[in-house]
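Let's take a look at how this protein holds its ligands. Have the sequence and the structure open as you read.

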Amino acid sequence: MKTLKVIKIGGNIIDNEAALSSFIKDFSTIEGPKVLVHGGGKLATKLANQMNVPVKMTEGRRITDAATLDIITMVYAGKINKNIVAQLEARQCNAIGFSGADGNTIISEKRPIKTIDYGFVGDVKKVNTATLEVLLNNNITPVFCAITHDENGQLLNTNADTIASELAIGLTSIFKTELYYCFEKNGVLENVENDDSVIENINTESYKTLKENNIIFEGMLPKLDNCFHAINKNVQKVCIGKSKMLFDANNKHTTITK
Ligand SMILES: Nc1ncnc2c1ncn2[C@@H]1O[C@H](COP(=O)(O)OP(=O)(O)O)[C@@H](O)[C@H]1O
Ligand SMILES: CC(=O)N[C@@H](CCC(=O)OP(=O)(O)O)C(=O)O
């Protein structure tokens with residue numbers, strides 16, 4: 001089985017023209033099959049503010065009403081996704097932009113209302129790999145935004161970290177998969193203010209302790225939950241850090257183990 005890398009980039013790379021361009025240059029040199037997943041939450045928030053659409057987040061998740069769904073569709077599936085694909089093509093990396101609706105690749109269901117009504121937010125039910133397999137075996141790189149669909153014509157907002165872990169899990173049927181979360185810090189940090197305080201390995205036990213001691217909070221919590229979900233479902237390798245970790249094994253980062 002070939003090894004496939006699923007790489008997720010967040011807002012701090014996407015929103016910074018120089019950082020994105022440098023990432024794309026490096027990414028396009030990665031040999032073998034690869035999938036890129038991008039977020040873009042910050043840009044969606046900025047546009048919503050400009051359009052006077054109220055922004056509501058809870059536990060790192062965006063409460064997505066109809067107006068917000070329109071905005072995120074324009075921002076994630078439109079502006080950001082097409083810009084990344086164009087930049088990859090400029091680096092001779094053949095790429096195709098995807099939402100989960102395209103090729104019926106990621107099916108989700110609207111999150112049921114319990115204490116909170118998240119609106120048009122989807123929890124992933126299934127990843128269809130057939131179309132992706134054809135592309136990946138022909139050296140074409142799928143580029144996914146944070147949108148899925150319910151097979152009844154409804155688009156749904158799904159966190160980009162979740163899209164990355166579900167794709168890495170789904171594709172284990174045809175590849176050995178590795179999952180990399182790239183963000184602005186060197187990894188999960190002992191002290192979030194000190195980029196040298198990288199925790200090089202986190203397992204299920206130590207994760208519990210780190211949470212209890214409030215060393216991990218906010219956006220890092222759902223990211224790590226997705227990491228453990230992936231490592232427990234046959235993904236071979238899960239890492240968090242700066243994108244440099246992909247090209248320089250000596251660049252410190254966090255590795256997740258069972
Ligand atoms: N222990 C920790 N180490 C590093 N970052 C942490 C930690 N705990 C919380 N965080 C926060 O998590 C954020 C990353 O989550 P998020 O913003 O969702 O990432 P992304 O940029 O990939 O969307 C960091 O910017 C940081 O503020
Ligand atoms: C449901 C939900 O919260 N979706 C996220 C999707 C974008 C995302 O995950 O972007 P980052 O990776 O840049 O944070 C949102 O709309 O903010």
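Which of the 16 residues around ligand 1 come nearest? They are E184, L189, I215, F217 and K223, where a residue counts as near if one of its heavy atoms lies within 4 Å of the molecule.

Before going further, some ground rules: this is a predicted model, with local features needing pLDDT of at least 70 and side-chain atom pairs pLDDT 80 or more, while totals for chains, interfaces and linings use all residues. Residues are numbered from 1 along each chain as its sequence is written, chains are lettered from A and ligands numbered from 1 in the order in which they are written, and side-chain values use heavy atoms, leaving out hydrogens and water.

The shell of ligand 1 is a mix of eight nonpolar, four polar and four charged residues. Here Ala, Val, Leu, Ile, Met, Phe, Trp, Tyr, Cys and Pro count as nonpolar, Asp, Glu, Lys and Arg as charged, and the others, Gly among them, as polar. Around ligand 2 there are 14 residues, with K8, G40, R62, Y76 and N157 coming nearest. That shell splits into four nonpolar, seven polar and three charged.

Now for the polar contacts, meaning pairs of N or O atoms within 3.5 Å:

| Ligand atom | Protein partner | Distance |
|---|---|---|
| ligand 1, oxygen | K8, side-chain N or O | 3.1 Å |
| ligand 1, oxygen | E184, side-chain N or O | 2.7 Å |
| ligand 1, oxygen | M220, backbone N or O | 3.5 Å |
| ligand 2, oxygen | G11, polar backbone atom | 3.4 Å |
| ligand 2, oxygen | G40, backbone N or O | 3.0 Å |
| ligand 2, nitrogen | N157, side-chain N or O | 2.9 Å |

How much of each ligand gets covered? On its own, ligand 2 has 430 Å² of accessible area, and the protein covers 88% of it. Ligand 1 taken alone exposes 570 Å², of which the protein buries 81%. These areas come from the Shrake-Rupley method with a 1.4 Å probe.

UniProt has something to say too: in an unreviewed entry, the annotation "binding site" covers G40, G41, R62 and N157. Such annotations may be inferred rather than shown by experiment. The four are spread over 118 residues of sequence, yet they cluster in space, with a largest C-alpha distance of 11.8 Å. As for G41, look in helix α3, residues 41-50; helices here are DSSP runs (H or I) of at least four residues, numbered from the N terminus.

Technical notes: Polar contact = N/O pair within 3.5 Å; in protein donor to acceptor, adjacent residues only side chain to side chain. Helix = DSSP H or I, 4+ residues; strand = E, 2+ residues; numbered from the N terminus.
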